[in-house]
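Trainee: I should be grateful for a close look at a single helix of this protein and at its surroundings. Please explain each step in a way that a first-year student can follow.

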Amino acid sequence: MDDPAQLSEYGKILLIAIIGILLVCATIFLAKVLSPKKPNPEKLSTYECGEEAVGTAWVQLNPRFYVIALVFLLFDVELIFVFPWATVFGNKVLIEADGRWGWFTLIEMAIFLGILLIGLIYVWRRGDISWIRPVHRTPEVSVGIPAKAYDLLNTKKYALRSYKEETLQPLEEEVKEAVAKTVGFRPKFKKSN
């Protein structure tokens, strides 16, 4: 701490940081003061890449997107290593200094790319990249009701009623009468407080 040059170097960094923070704050303040304020419903609506905002933001996302993103990130990071390797591999000065240098870098990059390729094959064979749609199967339940009874219910023509406000009261009374006539189990529901 006896060397004053050490403090002055940190002072320069502090000065640059303070100036940077002041410039950002001044820009935000000027934008707030000088910008026109003409709000309308279209400007105040949520922007979703030009689409109309529909529903909630809590949507289910297929987890396969994360796997694809990780595989993409893996091969994106690979390029960070391939480009410097290509520049070093093509450097004539290094190759002329020692002829084994070119072979060493070629083998090293082949091993690196081989490991990445093995990882890709592993993910592929595991089925994480496949976008096969699931097969929808109708569930089958063995019950004592014959299939003919279901067919009769499905083929029967039912009269449609109007569901206007004035027809709801007689409909509720018909339901109560039908429930009173049924023999067998009657569920009892308790009101929750």
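Mentor: Let us begin with a term: a helix here is a DSSP run of at least four residues, and the helices are numbered from the N terminus. The model before us is predicted. By that definition, the protein has seven helices and zero strands, and its pattern along the sequence reads α-α-α-α-α-α-α.

The record offers a first orientation. An unreviewed UniProt entry carries the annotation "transmembrane region" for residues 13–34, 65–89 and 101–124. In the model, residues 101–124 are 100% helix and 0% strand, with end C-alpha atoms 34 Å apart. Residues 13–34 are likewise 100% helix and 0% strand, and their end C-alpha atoms are 31 Å apart.

The part I propose to examine is helix H3, which comprises residues 64–89. Consider Leu73, which lies in this helix. Is Leu73 buried or exposed? Its relative accessible area is 46%, and because the partly exposed class runs between 20% and 50%, Leu73 is counted as partly exposed. Leu73 also belongs to a nonpolar patch on the surface, together with Leu70, Phe72, Val77, Ile80 and Phe81. The accessible area of this patch is about 630 Å² in total.

Glu78, also found in helix H3, is buried. It has no salt bridge, and the nearest side chain of opposite charge, that of Arg126, is 19 Å away. A salt bridge requires a side-chain nitrogen of Lys or Arg within 4 Å of a carboxyl oxygen of Asp or Glu. Which residues, then, does Glu78 touch, leaving aside those up to four places away in sequence? They are Phe112, Leu113 and Leu116.

Let us next turn to helix H4, residues 92–97, where Leu94 is placed. Leu94 has a relative accessibility of 32% and therefore counts as partly exposed. Apart from residues up to four places away in sequence, Leu94 touches Val88 and Trp101.

Finally, we may set these details against the whole protein. Buried residues make up 5% of its 193 residues, and Glu78 is one of the buried residues. The accessible surface comes to about 19,200 Å², with 67% of it belonging to carbon and sulfur atoms. Of the contacts between residues at least 6 apart in sequence, 52% join residues at least 24 apart.

Key
Residues numbered from 1 in each chain as written. Predicted model: local features only at pLDDT ≥ 70, side-chain atom pairs only at ≥ 80, totals over all residues. Heavy atoms only, no water. Helix = DSSP H or I, 4+ residues; strand = E, 2+ residues; numbered from the N terminus. Buried < 20%, exposed > 50% of the residue type's maximum accessible area, 1.4 Å probe, protein only. Lys, Arg positive; Asp, Glu negative; His and termini not counted. Contact = heavy atoms within 4.5 Å. Patch = residues over 30% accessible without salt bridge, like charges linked within 9 Å, V, L, I, M, F, W, Y side chains within 5 Å. Areas by Shrake-Rupley, 256 points an atom, 1.4 Å probe, with all protein chains shown as cover. UniProt positions renumbered as here; feature names shortened; annotations may be inferred.
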